[in-house]
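Biologist: Could you take me through the surroundings of the ligand in this one? I'd like a close look at just that part, contacts and cavity included.

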Amino acid sequence: MKDITLTREDIVRLCERIEGAQTRAYAIPKLTDEYPAMTMDDGYAVQTALRQRFIAQGHKLVGWKAGLTSKAKMKQMGVEVPSIGFLTDKMAVPENSTISVSELVHPRVECEIAFVTSQDLEGPNCTAEQVLAATDYVLPAIEIIDSRFQKFSFDLQSVIADNGSSARFVGGGRPRYAADLDLRTLGVVMEKNGEIVEMGAGAAVMNNPAEAVAMLVNILHQLGETLPKGSFVMSGGITAAIAVAPGDYISARFQELGSVSVSFTA
Ligand code: 0L1
Ligand code: MG
């Protein structure tokens, strides 16, 4: 990472601020209100400190997520480049389980294609072809994102520091070998309480979700990290994210991959 403006003390302070907001579910002002010169690299420095802090507390790193990878999401959030975040065992929830919104600030859901890798991958020039060759299988997933920023007002630097709004994720459906599918034309329909609210196809994610995973591996390289085999990787929301409230039941039906669902309670 090259463009760091924050001091080590600032990074620790912002990491603790994000950790508090994430673990006790309250909203905070976007970080650039206090640090207007903050860069994306600063955001990743805070995210890295947060990852190290959680791991030191016993959380297990299980994988990574690409975020803001579709035009729909970029437009919805007013940003122009994708981002990445880390996933831990504490964020994983079983298929068809119920999540309490009291543990979250601004919960929203999006459907994604997840990859499970069988070989190590590393940047800086990782390609979609290499990702597909290193993929064990793909499966359908719902990501529950939760921006911790007040009035839902944020910028890319703050979102990256907030670990790309990562909160929970659910994998399910029917895992398949990626080689047996065309991930670009693979369709998904998201239903909320039985009504269709979003639909799309894999190509919405950087023309091919495998491209998003390659982008993720190349950003990892900038962070001094690689993607080890056995990683669970979310490739990014195919559609815009949908807000959820207590009582909502979300189901994402994927062509070829079956469906995955999750409910919300108070
Ligand atoms: O998963 C993602 O696409 C990251 C979204 C980050 C911004 C948001 O909270 O919507
Ligand atoms: Mg996502």
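Modeller: Start with Lys65: an N or O atom in the side chain of Lys65 is 2.7 Å from an oxygen atom of ligand 1. Bear in mind that this is a predicted model. Ser165 has a similar kind of contact, with a side-chain N or O atom 2.6 Å from an oxygen of the ligand. Then there's Glu143, where a polar side-chain atom lies 3.0 Å from a ligand oxygen atom. As for cover, ligand 1 on its own has 310 Å² of accessible area, and the protein covers 100% of that.

Stepping back to the whole shell, 14 residues surround ligand 1, and the ones that come nearest are Lys65, Leu68, Arg108, Glu110 and Ser165. By class, that shell splits into five nonpolar, four polar and five charged residues. Several elements chip in: β1 (61-67), α3 (71-77), β4 (107-117) and β5 (135-146) supply at least two shell residues each.

Now the space itself. The structure holds one cavity of 30 Å³ or more. The largest cavity has a volume of about 100 Å³, and that's where ligand 1 sits. Its lining is made up of 13 residues, with Leu68, Lys73, Ile145, Gly164 and Ser165 lying nearest the centre of the cavity. Sorted by class, the lining residues come out as five nonpolar, four polar and four charged. At least two residues of that lining come from each of β1, α3 and β4.

How values were computed
Residues are numbered from 1 along each chain as its sequence is written. Chains are lettered from A and ligands numbered from 1 in the order in which they are written. This is a predicted model: local features need pLDDT of at least 70, side-chain atom pairs count only at pLDDT 80 or more; totals for chains, interfaces and linings use all residues. Side-chain values use heavy atoms; hydrogens and water are left out. A residue is near a molecule or strand if one of its heavy atoms lies within 4 Å of it. A polar contact is a pair of N or O atoms within 3.5 Å; within protein, one must be able to donate a hydrogen and the other to accept it, and residues adjacent in sequence count only if both atoms are side-chain atoms. Accessible areas come from the Shrake-Rupley method with a 1.4 Å probe; for residues, only the protein chains shown count as cover. On a 1 Å grid over the protein atoms alone, a cavity is a set of points where a 1.4 Å probe fits but cannot get out, and a pocket is an open set with protein on both sides within 12 Å along at least five of seven lines; lining residues have an atom within 4 Å of a point. A molecule sits in a cavity or pocket if more than half of its atoms lie within 2 Å of its grid points. Helices (H or I, at least four residues) and strands (E, at least two) are DSSP runs, numbered from the N terminus. Ala, Val, Leu, Ile, Met, Phe, Trp, Tyr, Cys and Pro count as nonpolar, Asp, Glu, Lys and Arg as charged, and the others, Gly among them, as polar. Grid points are joined across faces, edges and corners, and a volume is the space filled by probe spheres set on the points.
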